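Student: Could you take me through one part of this structure closely? I would like to see how a sheet and the helices on it fit together.

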Amino acid sequence: MDYMEQALSLAKLALGEVSPNPAVGAVVVKEGVVVGQGYTQPPGSWHAEVIALKQAGEAARQGTLYVSLEPCSHYGRTPPCTELVKAAGIVELHLAMLDPNPLVSGRGKDELEKEGIKVYLGEHEEEAQRLNEAYTKFVTTGMPFVTAKFAMSLDGKIATKTGDSQWITGSEARKYVHGLRYTADAIMAGVNTVLVDDPHLTCRCGGKGGTAKKQPLRVIVDGKGRTPITAQIFHEPGKTLVTLGRSATPEEEKAFTEVGAELLELPLSEGRIDLRSLLEKLGERGITSVLVEGGGTLLGSLFDANLIDRVIAFIAPIIIGGEKAKPAVGGQGVDRVVDSLRLKDVSLEEFGGDFVISGYVKE
C-alpha cells in the first residue's frame with residue numbers, strides 16, 4: 001500500500017475547511033498495519049499528526065509516520081507537532097514536502113532527525129505542492145493565490161451580443177465549479193457581472209441544489225460604486241465585500257451595512273480599482289486563495305497586471321459568433337502573438353461534453 005498516497009487523500013478532505021493553515025494528512029503504520037490516521041481540522045483545532053497519533057496511541061511506538069507536510073516546530077494556536085511525534089515513539093518519518101513557512105521550513109525535519117528519527121523526504125512531492133499551492137504563495141509572499149475561471153464557447157465568447165450567458169456549459173461542469181468555490185477563500189467578480197447576470201456567487205454543494213455551510217467571501221470590484229443593494233449576492237449566506245474607488249456616501253454606508261455587506265475604499269489605477277492593492281488587502285485578512293469568476297474586463301485587467309497564477313477555462317462545443325459578443329478576456333492584451341501569456345503543466349478534462357483546460361501561468 002502507498003501510505004503517502006493515503007495521507008494525501010486524507011489531506012484533500014481538509015481543503016476548504018482549514019485556511020489559512022495548510023491541508024495535511026497523516027498516517028501511522030506499525031508492522032504493515034495502519035494504526036492511526038487523520039487530517040487537519042479547522043484553525044485552532046488539532047493538526048493531522050495529532051489526530052493520527054492520538055488514534056494510534058501506544059501502537060505508534062516504534063512505528064512509522066507518513067505526513068504530507070513537514071510537522072510544525074513552533075507554537076501557534078496549537079503546540080508544536082514535533083513534540084508529540086517525539087513523545088509518541090515514532091522511529092521513522094516520511095514527508096512529502098517541507099513546510100514553506102519560514103517559521104518551519106526544515107526546522108521540524110532537523111529537530112526530529114536530531115532525536116534519532118529516520119526521515120525520508122520527497123514522496124509524492126509534486127502532488128503535495130499542488131495541494132497546498134495557495135498556502136505556499138500566501139506564507140511566502142503574503143498574497144493570495146489567484147485562479148481565473150471562465151466558461152466560453154469554442155469561439156471564445158462568454159455571452160452573446162445581447163448579454164445572454166446562461167448556460168454556456170452543462171450541469172456537470174457547473175457542479176465542478178461549485179467544488180472550486182468550496183475550496184476557495186474568496187470569489188471575485190466585477191460589477192458588470194453583477195449588473196448583467198445578478199449571480200449568487202455561492203457554493204452549492206449540499207445536494208439537490210442545497211447551499212454548503214461554508215461560503216467563500218464574495219468580493220465585488222466596483223470602482224464607481226454601481227452595485228445595487230437589490231443584488232442577489234446580498235441575500236445569500238456568507239459575507240460580501242464591495243470595493244470602491246471612491247469614498248462611500250453616508251447613505252451608501254447605511255444601505256450596505258443593512259444588507260450585511262462591507263465597503264472597502266481602494267486607490268484607482270488608470271480609472272480602475274488597483275487590483276494589486278486589493279489582493280494585498282485580502283492577504284492581510286488571511287485570504288489565501290481567490291477564484292475570479294468574471295467578467296472579461298476584470299479578467300483582462302488581472303492578466304495585464306500579471307496577477308493570475310492559474311487558469312481554468314471551460315470550453316463548450318458551441319459557436320456563438322458576432323463581433324459584439326463578449327470575449328472571455330478583455331484588457332489591453334499583447335501586440336504580438338510571441339508575447340502571449342503561456343500556460344505550463346496543462347491538463348485537459350471532460351465534463352458532460354464540455355472540456356476544461358487548466359494550467360499555470362509561466363513566470
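Tutor: Start with the open sheet of 9 strands. Its order is β11-β10-β9-β8-β14-β6-β15-β18-β17, and the pairing is mixed. Keep in mind that this is a predicted model. Two strands form the edges, β11 (residues 261-265) and β17, and each of them pairs on one side only. Now look at the twist. On average, neighbouring strands of this sheet are turned by 20° against each other, direction ignored.

What holds such strands side by side? Strands of a sheet pair through backbone hydrogen bonds, either parallel or antiparallel. Take β15 and β18 as a case. They pair in the antiparallel sense, over 6 bridges. Pick out Ile312 and look across to β18: its bridge partner there is Ser358.

Next, the helix α7. This helix covers residues 171-183. It lies across β6, β8, β14, β15, β17 and β18, and it runs at about 165° to β15. A second helix, α11 (residues 296-304), also packs on the sheet. It touches β6, β8, β9 (217-222), β14 and β15, and its direction makes about 135° with that of β6.

Check the length of α7. It has 13 residues, so at 1.5 Å a residue it should span 18 Å; the end C-alpha atoms are 19 Å apart, which agrees.

Which residues of α7 are buried? They are Ala173, Val177, His178, Leu180, Arg181 and Tyr182. Look at the spacing with one rule in mind. An α-helix has 3.6 residues a turn, so residues three or four places apart point the same way. Ala173 and Val177 are both on the buried list, and so are His178 and Arg181. What do these buried residues pack against? Their partners are β6 (145-153), β8 (186-190), β14 (289-292), β15 (310-316), β17 (343-351) and β18 (354-361).

Side chains add detail here. Ring pairs link Tyr176, Phe314 and Phe351 into a cluster. Tyr176 falls within α7, residues 171-183. Phe314 belongs to the stretch of β15 (310-316), and Phe351 to that of β17 (343-351). Charges meet rings as well. The charged end of Arg174 sits over the ring of Trp167, 4.4 Å from its centre. Arg130 does likewise with Tyr360: its charged end sits over that ring, 4.0 Å from the centre. Tyr360 lies in the stretch of β18 (354-361).

For a contrast, turn to the other sheet. Here 5 strands form an open sheet in the order β2-β1-β3-β4-β5, again with mixed pairing. β2 (33-39) and β5 (118-121) stand at the edges with a single partner strand each, so one side of each has no neighbour in the sheet. Neighbouring strands are turned by 15° against each other on average, direction ignored. Strand β1 (residues 25-30) pairs with β2 in the antiparallel sense over 6 bridges. Within that pairing, Ala26 has Gly38 in β2 as its bridge partner.

This sheet has a helix across it too. Helix α1 (residues 3-12) lies across β1, β2, β3 (64-67) and β4 (92-95), at about 145° to β1.

Finish with the rings. The whole structure holds 5 aromatic pairs. In one of them, Tyr3 and Tyr66 have ring centres 5.2 Å apart and planes at 45°, so the pair is tilted. Tyr3 is in helix α1 and Tyr66 in strand β3, 63 residues apart, so this pair links distant parts of the chain. Tyr3 counts as buried at 14% relative accessibility. Tyr66 is buried too, at 11%.

Key:
Residues are numbered from 1 along each chain as its sequence is written. This is a predicted model: local features need pLDDT of at least 70, side-chain atom pairs count only at pLDDT 80 or more; totals for chains, interfaces and linings use all residues. Side-chain values use heavy atoms; hydrogens and water are left out. Two strands pair if DSSP finds at least two bridges between them. Helices (H or I, at least four residues) and strands (E, at least two) are DSSP runs, numbered from the N terminus. Axes are lines fitted to C-alpha atoms, for helices over the stretch in contact, and angles run from 0 to 180 degrees between N-to-C directions. Contact means heavy atoms within 4.5 Å. Rings of Phe, Tyr and Trp (its six-membered ring) pair if their centres lie within 6.5 Å; planes under 30 degrees apart count as stacked, over 60 as edge-to-face and the rest as tilted. Buried means under 20% relative accessible area, exposed over 50%, partly exposed in between (1.4 Å probe, protein chains only). A charge sits over a ring if NZ of Lys or CZ of Arg is within 6 Å of the ring centre and within 35 degrees of the ring normal. The expected span of a helix is 1.5 Å times one less than its number of residues.
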